[in-house]
Amino acid sequence: MPDYKWPPMDKRRLIGKPISRLDGAEKASGRAKYSSDLNLPGMLFGALLTSPHAHARVRSIDTSEAEKTAGVKAVRVIATPGTEIRWAGAEVAAVAATKEEIARDAVRKIKVDYEVLPHVVREDKLSEVGTRAKPAGETVSGDPDAAFKEADVVSEGEYGIPVLAHCCMEPHGQVIAWDGKQMTYYPTTQGVSAIGPDLAKTLEIPATSVHVQQQHMGGGFGSKFQSDLWGAECARLSRASGGSPVKLFLDRATDLVIAGVRPSLWGKVKLAAKKDGTITAWQSETWSTGGFGGGGLNADLFPYVYREVPNRRIQHTAVSLNAASQRAWRAPMHPQVSFITAVAMEDMAASLKMDPLELFSKNANYTARAEVYRAQLKKAAELAGWSKLWHARGDSGKGPIKRGLGIGISTWGGAGHASQCRTTIHPDGSVVVELGTQDLGTGTRTVITQVAAESLGLPINAIKLNIGDNKYPPSNPSGGSTTVGGVCSSTRKSALNALEKLFAAVAPALGAPVDQLEAVDGKIQVKGNPAKNIAWKAACQKLGMQTISEMGANDPRATLGLNTGGVGGIQIADVSVDVETGVVKLNRIVIVQDCGLIVNPKTSESQCFGAATMALCGALMEERVMDRVTGRMLNTGLDFYKLAGISDIGNIIVHLDISPEHDARGIIGLGEPPVNPTIGAISNAVANAIGVRVPTVPMTPDRVLAALERRKA
Amino acid sequence: MQPFEYASPKTLQEALGLLAARPGEVEVLAGGTDLLNLMKEFLATPKRVVNIKDIKELGGIQKTTAGLRLGATVTLDELLSNAAVRSEYPALAAAARGVNSQQMRNMGTVGGDLCQRPYCWYFRNGFGLLAMKDGKSLVPDGENRYHAIFGGGPAYFVSASSLGPALIALGAKVKLASSSGNRELPVEQFFLAPRTAQDREVALRPGEILTEIVIPPAAGVRNATYEVRQKEALDYALATASVALRMKGSAVESAQVVLGQVAPTPWVASGAAQAVAGKTITEQVAEQAGQAAVAGAKPLSGNAYKVQLARVAVKRALLEAARGKA
């Protein structure tokens, strides 16, 4: 069996190098085809009719006018009479037509008679949700009551972070075509190998009937694991139209409403501490909604990172709303819990009149990796100019523009998922590597190729990589930052297994046993005697008519040290706040990110840029606005569903903690960890700048001005 | 989108012949940045769309003794590329820059800026200009963070025009043409606050086209626009103020102060204008004018912060104008 361990840091030619995305030019030039770009011959367009009511029962539905419309090929009723509609935007019917505009117009001709029922769509005030609140009980550790009694300082705060959507650049949807009993399915998914069986199950057909293809996808962030109702309806519309390809993608407004949200988190936090800043107790009473299904909270997450605070009382209430259900959102619940923990700690520091950097550092013993967090705090402070720029809360000088710094915290797993890879070496020397995985735009293609090329001693361009198709060996969906560890490990093993077969073919010619051979710089050579070598192509010719094709698998229960999980991270935000207008400008975010073996520092840094950018929207501008009376989401366009543009982002400074010690841990995913600290860091920076906590994010001018007003009062 | 007939006339005369007497039957297409969205949402359902971008006489910027003439189809980008606009009418240039998307500035026209429909999310969700449901406006107790603080209803949306406040402050007029004749209106009178759901928010009559805007010469007039905006990338301002100060020495002889994003029309703040008349603009005078500008504000349940923003916008616009050249 080959030795699969990663080559030593100083011997790596491609792994650990900042190689640009292999599909970068294709994407930047628009040549990359996403499923939503497809325009197949004879393709029909699907459109959905959705409910305008947040809660209703369908009395009757009349599709006759739509069916009569010229160009309409299929009409399907989704919500049959008697169906209870539980949120505005719920799917009621679907149409396929020869043109998109015909499909959309036909949908409007469907007449639905609804019995409108009472709805609840807002949970920001718990007192207003009535029976929709479902208390989840209390978790107590230690003796919080005694700890609060004995505390030198008790600090209390109320904080809130509302529901927001994933808002993927490529909306949800798919193209589906049938050929007899075989279906070709072009989804936009985080799981190329898993989504086919998922759809097959809904349609009650064998999973073998579904061929999935997806070369590129425009963001999922946790919202694109399922084949979804619209996937099944697209398949049915196609079948009802004689198998013609049907393209059904949600428009932006529908996507924002029904294709996944991140749960809110609201609540009161009380902290106890000694004079020296040692935290002695945590108490939180929180509530959240993730839509109709409520909104749970794993009590173990509180207090975030500082989990070993000895005395804790954690209460949580889930609230069911007439709104579409939550989906995993980049580090489920972590950004919300991180925000509430970091701001409560910073408020405690302010009560103690203590530098929060000291408070976060002092209490690091409560974390799983005290030394790592302390070192990261130090590094982040150094990069942010903390000692020069930080000041006591509100002590920010004259003039309307106030500057402040704040700290945020992170933790995450990120160990590799189950993945299989097949490496094939042909007698002409060409190499193909195949995995049923997906590149979400993160650089997965690039890192797999780096690993394969490094393992085979070949240049990057000698590897042909095939992914994005379920005919290749299966890999798990991309969730939980598990992809890079999974696919790199399976690729490493598969490539070395194939290489061993090639060694066996050339060993006699080189007069050395297989375990004394190595592949370096396009040659197979004898270890310690590189003069004894054979060029790659010549070596492969020795295979004659035989082709080598070897598998490799990452087994999450036995990773052989190739990958692992568990990272921390610290961020420091630097903001300027105009106290006359309440406008917050982000100057900088410093990201100090713990990591394992970094396969590609460039794509790793990109993960950090992307994470901070996504998170800062939630800190400053992004939220779902629900209307109490109509029960609808009001900001369903990108004008009022506010996201940062380039000029709103500020300067993002990334420091990856690359060191031999971390490297030895193996690969750890970085998709999620850097998204966790940003909101807390920005909120703390604003509090530092203006001298008062803005309790609810996003910190829009109205909320900032209201907080300043309260301080005056 | 409802199917429609498309016409692309080459002359104004031809265009006027293609318009209709009944409201909503024909829509005029210039940049299309708003109309196409309205049509997709069935908020506009014209039977005919008349493209006016190929009509030469509706384009171009000319400087004459009467001032600056802007053809209705001049794009915001053309406006910003014009040296006279940039140097003499900084209030207008700042307002155009406030449409902070290069793509929108490339396509959007000055006429379209004045004629576009409100962005009120109740209107855009199909509840009409007055945002009515079951005989009651949804706005006063609803989600009104971006709504009006002046006017007192029944319309609570804010005028979507970015250029309107600056044009009013600068004393501009619009010219309107129809097959039955031409007329001219001060820009201030072009904007209307609807009283009923059938009313429109501009004075255009069915069959009428906005053909040009004329801004009087700005000699001796210091002007500026300050926009409070949360984002630098594509976003609407939260409150704006455009000011024009006719100077006499270092003092203000007369002033115009116009607020944007605070009422169903651009909002002329005559109290603020009076507060600076005869005075030299100082921090304190500007502050007092800001205070005067919002004296009659009637904020709704969730937009009192806009009173503060309007006050600050006036103060900062005045200070900026005072620093500028006459």
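User: Which residue of β25(A) is the bridge partner of A:T423?

Analyst: In β25(A), A:T423 has A:E550 as its bridge partner. The model is a predicted one, in which local features need pLDDT of at least 70 and side-chain atom pairs count only at pLDDT 80 or more, while totals for chains, interfaces and linings use all residues. Residues are numbered from 1 along each chain as its sequence is written, and chains are lettered from A and ligands numbered from 1 in the order in which they are written.

User: What makes β19(A) and β25(A) a pair of strands?

Analyst: Strand β19 of chain A, residues 419-425, is joined to β25(A) by 7 bridges. Pairing requires that DSSP find at least two bridges between two strands, so the condition is met. The two strands run antiparallel. A strand is itself a DSSP run (E, at least two residues), as a helix is a run of H or I with at least four, both numbered from the N terminus.

User: Why are β21 and β25 of chain A called edge strands?

Analyst: Each of them pairs on one side only. They belong to an open sheet of 4 strands in the order β21-β20-β19-β25 (chain A), with mixed pairing. Neighbouring strands here are turned by 20 degrees against each other on average, direction ignored.

User: Which helix of chain A lies across β19, β20 and β21, and which touches β19, β20 and β25?

Analyst: Helix α12 (residues 444-456) of chain A lies across β19, β20 and β21, at about 140 degrees to β21(A). Helix α13 (residues 483-510) of chain A packs on the sheet and touches β19, β20 and β25, its direction making about 145 degrees with that of β25(A). Such angles run from 0 to 180 degrees between N-to-C directions, with axes fitted to C-alpha atoms, for helices over the stretch in contact.

User: What makes strand β18 of chain A largely enclosed?

Analyst: Of its 12 residues, 401-412, 10 are buried, so the rest of the structure largely encloses β18(A). Buried means that 20 or more other C-beta atoms, placed from the backbone, lie within 10 Å of the residue's own (12 or fewer is exposed, in between partly exposed). β18(A) is also joined by 12 bridges to the antiparallel strand β26(A), residues 567-578. In that strand, A:I570 is the bridge partner of A:I409.

User: Why are α5(A) and α6(A) called roughly perpendicular?

Analyst: Helix α5 (residues 192-203) and helix α6 (residues 228-240) of chain A pack at an angle of about 65 degrees, their axes 10 Å apart. The class of roughly perpendicular covers 65 to 115 degrees (under 35 is roughly parallel, over 145 roughly antiparallel, the rest oblique), so the term applies. The contact, which requires C-beta atoms placed from the backbone to lie within 7 Å, is made by A:L199, A:T202 and A:L203 of α5(A) with A:G231, A:A232 and A:A235 of α6(A).

User: Which strands form the open sheet of chain B, and what is its pairing?

Analyst: The 4 strands stand in the order β11-β12-β13-β14 (chain B), and the pairing is antiparallel. The edge strands are β11 (221-228) and β14 (267-268) of chain B. β11(B) pairs with β12(B), residues 239-248, over 8 bridges, and B:E227 has B:T240 as its partner in β12(B). Helix α5 (residues 90-97) of chain B packs on this sheet, touching β11 and β12, with a direction about 20 degrees from that of β11(B).

Terms used: Two residues are in contact if their C-beta atoms, placed from the backbone, lie within 7 Å.
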